[in-house]
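Student: I should like to understand how the words used for a structure follow from its values. May we go through one example together?

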Amino acid sequence: MRKQIVAGNWKMNTTPAEGVKLAKELVALEGSLNNVSLIIAPPYTHLSMIQDVIGKSSIALSSQNCADEVKGAYTGEVSASMLASIGTEYVILGHSERRQYYSETSETLNKKMALAYANGLTPIYCVGENKEEREAGRHFDVCRKQIEEVVYNLTEEQFDTLVVAYEPIWAIGTGLTASSDQAQEIHAFIREVLTSKFGAKAENTSILYGGSCKPGNAQEIFSKKDVDGGLIGGAALVAEDFVAIAKSF
Ligand code: PGA
């Protein structure tokens with residue numbers, strides 16, 4: 001059975017005090033959820049404080065990134081071991097905003113993935129095409145390449161825990177979403193690409209949809225066979241909306 005997951009990517013939003021408040025609201029609401037794992041990814045500055053808030057709940061902590069080096073003279077970076085040491089369980093890697101604005105390549109991501117696993121963090125690995133690529137019908141090739149160049153380097157054991165997120169760039173923060181059929185089509189394709197390398201294990205991989213997922217459209221998208229939850233940006237900043245999405249299975 002695949003895990004159903006709803007993960008909130010807060011991006012560069014909220015002050016620490018606002019983040020703590022949001023986390024407390026989520027803890028108060030999470031008792032109403034069945035069979036869905038909630039993950040939240042606040043900014044680095046909030047992680048410790050928020051871990052104190054969610055520590056006894058079933059909400060798991062994620063970071064939005066980690067360094068591609070172990071330690072040392074890398075100004076401004078935060079290592080996977082630092083994140084693990086404060087109770088972080090997941091790390092979002094390969095988000096399109098990181099690929100686009102911070103020039104993250106498959107080479108960087110391979111290093112980050114290895115360090116994440118070495119420190120016991122579970123990656124949420126993001127793939128997805130931009131508008132031009134979708135319009136040119138290249139979305140399958142783009143996603144396949146992003147998986148082959150990084151996920152194919154994992155050991156079988158590492159692959160067992162990996163979470164994948166499909167996030168069409170044209171749908172992120174734009175109010176546009178992939179239709180549920182578009183989502184199912186590419187999620188099934190991603191699972192096929194994973195199956196080519198890892199066989200039947202890919203049946204157990206949670207593949208999340210991301211891109212303007214909201215309480216109003218989550219149910220339709222999550223109803224699809226190969227959609228195992230969502231990676232939520234904007235709507236993760238409002239506790240009631242995030243929990244409503246998590247109730248949409
Ligand atoms: P969005 O962001 O829900 O605001 O579109 C999704 C994401 O980038 O994770």
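Tutor: Let us begin with I54, bearing in mind that this is a predicted model.

Student: Why is I54 called buried?

Tutor: The relative accessible area of I54 is 1%. Buried means under 20%, so I54 with its 1% is called buried.

Student: Where in the chain does I54 lie?

Tutor: I54 belongs to helix α2, which covers residues 47–54.

Student: Which residues is I54 in contact with, leaving aside its neighbours within four places in sequence?

Tutor: They are A23, V27, I40, I59, A60 and L61. Contact means heavy atoms within 4.5 Å.

Student: How far apart are the C-alpha atoms of I54 and I40?

Tutor: A distance of 9.7 Å separates these C-alpha atoms, and the two residues are 14 residues apart along the chain. The word contact concerns heavy atoms, and in that sense I40 is among the contacts of I54.

Student: How much of the whole protein chain is buried?

Tutor: Of its 249 residues, 52% are buried. The chain exposes about 11200 Å², of which carbon and sulfur atoms supply 50%.

Student: Which helices and strands does the chain have, and what makes it as compact as a globular protein of its length?

Tutor: There are eleven helices and eight strands in the protein chain. Its radius of gyration is 17 Å, and the globule rule gives 18 Å for 249 residues; the two values are close, so the chain is as compact as a globular protein of that length. The C-alpha trace spans about 45 × 45 × 35 Å along its principal axes.

Student: What share of the contacts between residues at least 6 apart in sequence joins residues at least 24 apart?

Tutor: That share is 73% in the protein chain.

Student: Let us turn to the ligand. Which residues are closest to it?

Tutor: The ligand is surrounded by 13 residues, and K11, H95, E167, G173 and S212 are the closest. By class, this shell has four nonpolar, seven polar and two charged residues.

Student: How do you know that K11 makes a polar contact with the ligand?

Tutor: An N or O atom in the side chain of K11 is 2.7 Å from an oxygen atom of the ligand. The cut-off for a polar contact is 3.5 Å, so this pair qualifies. The side chain of H95 also places an N or O atom 2.7 Å from a ligand oxygen. For G173, a backbone N or O atom lies 2.6 Å from an oxygen atom of the ligand.

Student: How much of the ligand does the protein cover?

Tutor: On its own the ligand has 280 Å² of accessible area, and the protein covers 96% of that.

Notes
Residues are numbered from 1 along each chain as its sequence is written. This is a predicted model: local features need pLDDT of at least 70, side-chain atom pairs count only at pLDDT 80 or more; totals for chains, interfaces and linings use all residues. Side-chain values use heavy atoms; hydrogens and water are left out. A residue is near a molecule or strand if one of its heavy atoms lies within 4 Å of it. A polar contact is a pair of N or O atoms within 3.5 Å; within protein, one must be able to donate a hydrogen and the other to accept it, and residues adjacent in sequence count only if both atoms are side-chain atoms. Accessible areas come from the Shrake-Rupley method with a 1.4 Å probe; for residues, only the protein chains shown count as cover. Ala, Val, Leu, Ile, Met, Phe, Trp, Tyr, Cys and Pro count as nonpolar, Asp, Glu, Lys and Arg as charged, and the others, Gly among them, as polar. Helices (H or I, at least four residues) and strands (E, at least two) are DSSP runs, numbered from the N terminus. The radius of gyration is taken over C-alpha atoms; the globule rule is 2.2 Å times the number of residues to the power 0.38. Buried means under 20% relative accessible area, exposed over 50%, partly exposed in between (1.4 Å probe, protein chains only).
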